[in-house]
Amino acid sequence: MKPAIRAAVLFALLTPAAWAAASLPTVEVYKSPTCGCCGKWVEHMKANGFKVVTHEMNDVTPHKQRLGVPVGMGSCHTAEVGGYLVEGHVPADDVKRLLTEKPKAKGLVSPGMPQSAPGMDMPGKQPYEIFLVRQDGSTSSFARH
């Protein structure tokens, strides 16, 4: 293949990925400096095209309260992206779906620390659910994994 054609093909293949990555908003993550699974979730988000800014702190509770994480639906880290709350080990594809659909809601939560969720990566398949937090604080199922 001629170098000019090879370059054109490579450009055509890479350009859509660059546009997609550029269109994703930055994820602001609030987490403990000692939490390894939170760091793995950050890496998961980066691997899926998100730019991530991490704020390490010993107490993320004020951010959970500010963003409206429902009582009993918390996890180890809290994030903001595109004006939405993302609590816990929510898969990047669910975050992308949220940003595409743009529901009138506070955001998504993955309560607890499901072993199969991104960042936990423990052996075995434990089913878990992602919930949409509505503006009034009530929740509904958003995805099942």
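Does K102 count as buried or exposed, and at what relative accessibility? At 59% relative accessibility, K102 counts as exposed, because the word exposed is kept for residues with over 50% relative accessible area. To see where this residue belongs, it helps to walk through the whole structure, keeping in mind that the model is predicted.

The protein is built from four helices and seven strands, and someone reading along the sequence meets them in the pattern α-β-α-β-α-β-β-α-β-β-β. It has 145 residues, of which 41% count as buried, while the area that it exposes comes to about 7,900 Å², with carbon and sulfur atoms supplying 59% of that area. If we take the contacts between residues at least 6 apart in sequence, 52% of them join residues at least 24 apart.

The strands come together in an open sheet of seven strands, which has mixed pairing and the order β2-β1-β3-β4-β5-β6-β7. At the edges stand β2 (residues 52-56) and β7, and each has a single partner strand, so one side of each is left without a neighbour in the sheet. From one strand to the next, the twist averages 20°. At the β7 end of this order, β6 and β7 pair in the antiparallel sense over five bridges, and in this part of the sheet I130 stands opposite A143 in β7.

Helices lie against this sheet, and two of them can be followed here. Helix α2 lies across β1 (27-31), β2, β3 and β4, and runs at about 175° to β1. Helix α4 also packs on the sheet, where it touches β3, β4, β5, β6 and β7, and its direction makes about 125° with that of β7.

Helix α4, which spans residues 92-101, shows how a helix can have two faces. Its buried residues are A92, D94, V95, L98 and L99. These residues cover an arc of only 160° around the axis, which puts them on the same side of α4. They pack against α2 (36-47) and against the strands β3 (78-81), β4 (84-87), β5 (105-109), β6 (129-134) and β7 (139-144). The face turned away from this buried side carries the exposed residues D93 and T100.

One of the strands that meet the buried residues of α4 is β4, and E87 lies in that strand. At 0% relative accessibility, E87 counts as buried, because that term covers residues under 20% relative accessible area. Leaving aside residues up to four places away in sequence, E87 touches K64, V69, M73, G74, S75, H77, T78, L108, V109 and S110.

We can now return to K102, which follows α4 and has its place in the loop between α4 and β5. Most residues other than glycine have a negative phi. K102, however, has a positive phi of about 50° although it is not a glycine. D121, found in the loop between β5 and β6, likewise has a positive phi of about 50° without being a glycine. At 55% relative accessibility, D121 counts as exposed, and K102, as the opening question brought out, counts as exposed at 59%.

Terms used:
Residues numbered from 1 in each chain as written. Predicted model: local features only at pLDDT ≥ 70, side-chain atom pairs only at ≥ 80, totals over all residues. Heavy atoms only, no water. Buried < 20%, exposed > 50% of the residue type's maximum accessible area, 1.4 Å probe, protein only. Contact = heavy atoms within 4.5 Å. Areas by Shrake-Rupley, 256 points an atom, 1.4 Å probe, with all protein chains shown as cover. Arc of directions from axis to C-beta. Pairing = 2+ DSSP bridges. Axes fitted to C-alpha atoms, helices over the stretch in contact; angles between N-to-C directions.
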